[in-house]
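Reader: I am new to this structure and would like to learn how to read its charged pairs. Could you take me through them slowly?

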Amino acid sequence: GIHAASSCLLGGYHKRIMFGTQQSWPDGTDCGARAGNGSRPNQTSDGRTPIIALSAGQNEAIVVGIVLTKQAVKSFMDKKNPGSERCCFTFTMRDSAEDYINVTCWGSAHFIMNLAKQFKLTDVVEVRNPQVVSKSSNPNDEKWKPTTPGPFQLSVNENHGSVSLYSGWNLAEFSAFAHVPISNISDYYTLGDIILAGDRVSQQHVNILAAVKSVNPAREITTRNGQQLKCRDIVLFDSTVPSFLFTVWNEDLVELADTWTPHENVLFITSTKVSMNTYRNEMTASSGAKTIVLTNPDTVDAHDLYQFAQSQELTSSSNTGDTPVAAISDEEFTLQDIIEATDSKKRLSGHLSAAVIAVNIDDDGDQTSCICRRCTSCKSKVKFPDGGCRSASCHGSAHPTELEFNIQVTLADVTGSMERCYFMPGIAEAFLGCTAEEFLQMKPASKTGLKWKFLLERVELAFVASPPTDRFSMATCRIASIELARCS
């Protein structure tokens, strides 16, 4: 069944809901930016034509909007010029809470390839002098692009019309639409709904609201006809299911996933195909030509899911069978590389050689500063030293808890230093040679002795680094494996 959500519409537009206490969205958009108003004129004061005001045959319009989707470039032989090749690609743009339209660009391979590289998802673009044409009556033509509410589509070719990045003063007006769902906000499945329905929804296209649990590295595959494709596995979760695999095939979505941070981003995914993965023996989802993904959608349910995601700590693995170490790049990085990547709001994984210059395992007056208690069922933290799990996924049921390390270290190399480096679950136990329970029984002198076994020593480690978020004002680095460096 489709989840029934409470409506948060006012005058046809979504209420502005802040995620946590933030004043701006993770992409930098001001939470106070308006996502529309009650009237939509035929032309704006700066000469733009709103999508709702477009008419058939119009060819001198200026349309500005945020890019929601962008399809791969397709090539075909030019019938008018035998032996030559033409290309096209389609993207979807939006200029209000209700209005969005497909734009198809045509031209030579050189022209289209260059144009496709000039903008990406969530960019705001200006389309000048497009041809306004009616949608095709052939259902197969609309099968490979998102369904739009209006009767028209735009066409731009090499000799007529142009597409460029918009540089107007009101960029925030359009950026706000990146967080407004394009369909009925109650029209979505929870992950539990999908698993429960099983074969009844397999091979169907549905909408999903879920939080990001992990973002795996992009990979390339070769199809049977020799075509090279990029894809990326995203692990999702919500209060009903701890992990659910979502594979994105669109190259622009693969790139957009670089901006997604586990437990910090909620996704509203429309028209995604769900199916039974016989290899994994579980239901999974994958993106397609009609799929649109919005980050941190502006709805009550998304806000609630965000709060739930914040209560869940990152774990070292998921039920999809992927482990952090297996997904981490073999490439060597410096701390400066990590800092530059996270400053650019990118995630980075790889290997690092550095020295441990600070660690919190023997903080004075706080013997439990590096220990936490976690629910064995949903893996969320519970009050230390005891206390029941209040996670929504446990539904108030009593589950046993266990102690684990929550150690924070500071790393340094010749390029810089980085605080907020944490061990993934299980890694600290192996490195220190004791369990959290055994550590609590140690005398302070023993804890200090344990610290000096690796403090100021050089270590080799595998890591996953994440950019600053509204929850953490600094970048964080999760240590997936660590050992003392061998003497050279």
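Author: Let us start with one residue, Asp258, which is partly exposed at a relative accessible area of 24%, where buried means under 20%, exposed over 50% and partly exposed in between, using a 1.4 Å probe and protein chains only. Please keep in mind that this is a predicted model, in which local features need pLDDT of at least 70 and side-chain atom pairs count only at pLDDT 80 or more, while totals for chains, interfaces and linings use all residues. Residues are numbered from 1 along each chain as its sequence is written, and side-chain values use heavy atoms, with hydrogens and water left out.

Reader: Which residue forms a salt bridge with Asp258?

Author: Side chains of opposite charge can pair when their charged atoms come close. A salt bridge is a side-chain nitrogen of Lys or Arg within 4 Å of a carboxyl oxygen of Asp or Glu. Here the partner of Asp258 is Arg232, with the closest N and O atoms 2.9 Å apart. The pair links distant parts of the chain, 26 residues apart, since Arg232 lies in strand β13 (residues 228–237) and Asp258 in the loop between α5 (251–256) and β15 (266–277); helices (H or I, at least four residues) and strands (E, at least two) are DSSP runs, numbered from the N terminus.

Reader: Is Arg232 buried or exposed?

Author: Arg232 is buried, at 8% relative accessibility.

Reader: How many salt bridges are found in the whole structure?

Author: The search finds six, among them the one between Glu126 and Arg128, at 2.8 Å from N to O. Glu126 is buried at 15%, whereas Arg128 is partly exposed at 37%.
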